[in-house]
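Colleague: I am new to this structure. Can we walk through it in short questions and answers?

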Amino acid sequence: MNQTNYPHSPLPGAYYNYQYIDHGAQFRVYSILTYDNRSTGRVVKVPLGFTESKEVLEPHLRILQLTEEEVDRRIHNLLHHKQQLPALLQGVYAHDKKLMRMLGDLRIVPRLAAIPYNQPDYFMPLFFTQNLVTPMKTFLHRYRFANLPPYQLELSDISAIEQVIQQVISLHYSLWEYGIFERSLKLENIGVTQHRKTYRGTLVDIGEITFNLNEAESILLERRWKNSLSPHKTDHLFIPTIMHRYYIDACNTHLTVDALRTRWRKRPLAIEQRQEIFLKIKEQLSRNKQQKIKHWMSRQALSSSLYRGIPQDRIDTLEIPRAELSMLLKDKRSGQEAQNIMHIHELRERQLYLEQRNSGTIQEVADFLFRQSLQANQYLD
């Protein structure tokens with residue numbers, strides 16, 4: 001692990017060490033390392049409780065001038081969605097290799113950390129593991145300030161930008177085919193893997209999904225992807241300004257209600273239909289009355305029975321000890337770590353974007369960038 005990218009020392013365990021990577025509003029993410037700090041290629045997603053989620057989200061929600069009750073309601077709603085995540089690992093979803101690849105080979109950890117004493121409303125902590133991928137904010141960082149001198153884009157940069165945004169659209173389309181919708185439409189909820197010059201998208205934040213078509217349609221009508229272009233929307237990653245036009249055009253064109261309805265649940269419906277035909281044939285061919293009744297009843301329950309049961313290959317096999325899960329649960333560093341240079345540059349590009357909109361000339365923006373760069377050098381020194 002590179003200490004430049006991950007300034008915190010790994011947390012030591014008996015079996016593994018855990019390198020803190022980042023956090024969202026629902027999980028903290030740790031790379032799982034061997035005892036000698038070699039990567040296992042997997043991360044563990046550690047759930048945030050109500051208090052920690054509120055610490056992360058409240059500063060952003062307060063900007064919207066929400067009441068204390070509304071802030072708490074939104075946090076509880078997030079916790080509720082998080083408890084629905086095991087549904088992704090059951091039945092036809094869990095057996096679908098394409099879907100599991102898009103979710104980074106998502107697995108549930110069979111052990112549970114201890115429930116805090118005397119907290120009757122506490123949500124049971126659910127831990128998951130996923131493949132280690134490049135976070136979107138890390139991938140996009142190379143394009144910060146690319147629209148200002150002395151930075152210059154190469155043709156390979158343009159190809160990478162276009163590929164990744166196309167992969168974002170493709171990932172949403174594929175999820176819709178399974179009846180899964182990523183509610184926030186945040187770019188940072190998607191990670192990037194690269195093989196030579198080919199890029200793939202992975203849904204890394206699994207806590208903001210819905211299976212409800214009506215909710216999905218209303219979110220698309222809001223065009224929530226625009227939040228990634230707003231310098232004031234601090235709970236969304238602000239994407240590099242050089243990508244704004246291409247990104248917004250792609251989302252406006254492809255993330256539509258018509259596109260959603262055309263794709264919604266195509267894959268599970270096809271599986272249900274095939275299984276329906278199979279059971280109907282067995283029912284007709286059966287000579288035993290009880291068998292006929294059994295097959296008929298199975299057909300009636302298909303819409304629920306096909307989505308039950310967690311197969312063995314969706315259970316994490318790293319055997320993370322319960323004591324180490326409890327250690328990670330108590331780490332609670334979300335929102336407390338020092339700002340890293342990527343975050344500082346993102347804030348400055350937000351400022352530059354506002355300056356560019358409010359001022360007249362490129363020179364003024366360049367002068368502003370120069371002043372900010374001096375401050376960044378002082379910070380790094």
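Colleague: Is Leu155 buried or exposed?
Modeller: This is a predicted model, so the answer rests on computed values. Leu155 is found in helix α6, residues 155-177. Exposed means over 50% relative accessible area. Leu155 has 72%, so the residue is exposed.

Colleague: Which residues make the nonpolar surface patch of about 350 Å²?
Modeller: Leu155 is one of them. The others listed with Leu155 in this patch are Leu153, Ile158 and Ile242.

Colleague: Where does Phe145 lie?
Modeller: Its backbone stands out in one respect: phi is positive, about 65°, although Phe145 is not a glycine. Most residues other than glycine have a negative phi. The place of Phe145 is the loop between α5 (136-140) and α6.

Colleague: Is Phe145 buried or exposed?
Modeller: Buried means under 20% relative accessible area. Phe145 has 6% relative accessibility, so the residue counts as buried.

Colleague: Which residues line the largest cavity?
Modeller: Two cavities of 30 Å³ or more are counted. The largest has a volume of about 40 Å³. Its lining is Phe145, Asn147, Leu148, Thr241, Glu349, Leu352, Tyr353 and Gln356.

Colleague: What is the phi of Arg265?
Modeller: Arg265 lies in the loop between α9 (257-263) and α10 (266-285). With 22% relative accessibility, Arg265 counts as partly exposed. Arg265 is not a glycine, yet its phi is positive, at about 60°.

Colleague: How many salt bridges are there, and how far apart in sequence are Glu68 and Lys54?
Modeller: The count is 21 salt bridges. In one of them, the side chains of Glu68 and Lys54 meet at 2.4 Å, N to O. Glu68 is in helix α2 (residues 68-83) and Lys54 in helix α1 (residues 50-63), and the two are 14 residues apart.

Colleague: Which accessibility class does Lys54 fall in?
Modeller: Its partner Glu68 has 34% relative accessibility and counts as partly exposed. Lys54 has 13%, so Lys54 counts as buried.

Colleague: How far apart in sequence are the parts that Glu177 and Arg267 tie together?
Modeller: Glu177 forms a salt bridge with Arg267, with the closest N and O atoms 3.2 Å apart. Glu177 lies in helix α6 and Arg267 in helix α10, so the pair ties together parts that are 90 residues apart in sequence.

Colleague: What is the relative accessibility of Arg267?
Modeller: Glu177 counts as buried at 17%. Arg267 counts as partly exposed, and its value is 30%.

Colleague: Where is Arg183, the salt-bridge partner of Glu215?
Modeller: The side chains of Glu215 and Arg183 meet at 2.8 Å, N to O. Glu215 is in helix α7 (residues 213-222), 32 residues away from Arg183. Arg183 sits in the loop between β8 (181-182) and β9 (190-195).

Colleague: Is Arg183 buried or exposed?
Modeller: Glu215 counts as partly exposed at 25%. Arg183 has a relative accessible area of 11%, so Arg183 is buried.

Colleague: Which residues do salt bridges with shared partners join into one network?
Modeller: The network has both acidic and basic members. Its residues are Arg42, Asp105, Arg107, Asp313 and Arg314.

Colleague: How many residues of strand β2 are buried?
Modeller: Strand β2 spans residues 17-23 and is mostly covered. Of its seven residues, the buried ones number five.

Colleague: Which residue in β2 stands opposite Pro12?
Modeller: Strand β1 (residues 11-12) and β2 pair antiparallel over two bridges. They form a hairpin with four residues between them. Opposite Pro12 stands Asn17.

Colleague: Which residue in β3 stands opposite Gln19?
Modeller: β2 and β3 run antiparallel and are joined by six bridges. A hairpin connects them through three residues. Opposite Gln19 stands Ser31.

Colleague: Which residue in β4 is the bridge partner of Phe27?
Modeller: Strands β3 (residues 27-33) and β4 (residues 39-47) run antiparallel, joined by six bridges. Five residues lie between them in a hairpin, and Asn37 in the turn has a positive phi of about 65°. The partner of Phe27 is Pro47.

Colleague: Which residue in β6 stands opposite Lys45?
Modeller: Four bridges join β4 to strand β6 (residues 128-131), and the two run antiparallel. Opposite Lys45 stands Phe128.

Note on methods: Residues numbered from 1 in each chain as written. Predicted model: local features only at pLDDT ≥ 70, side-chain atom pairs only at ≥ 80, totals over all residues. Heavy atoms only, no water. Pairing = 2+ DSSP bridges. Patch = residues over 30% accessible without salt bridge, like charges linked within 9 Å, V, L, I, M, F, W, Y side chains within 5 Å. Areas by Shrake-Rupley, 256 points an atom, 1.4 Å probe, with all protein chains shown as cover. Salt bridge = Lys/Arg side-chain N within 4 Å of Asp/Glu carboxyl O. Buried < 20%, exposed > 50% of the residue type's maximum accessible area, 1.4 Å probe, protein only. 1 Å grid on protein atoms, 1.4 Å probe; cavity = no way out; pocket = protein on both sides within 12 Å on 5 of 7 lines; lining within 4 Å. Points joined across faces, edges and corners; volume = space filled by probe spheres on them.
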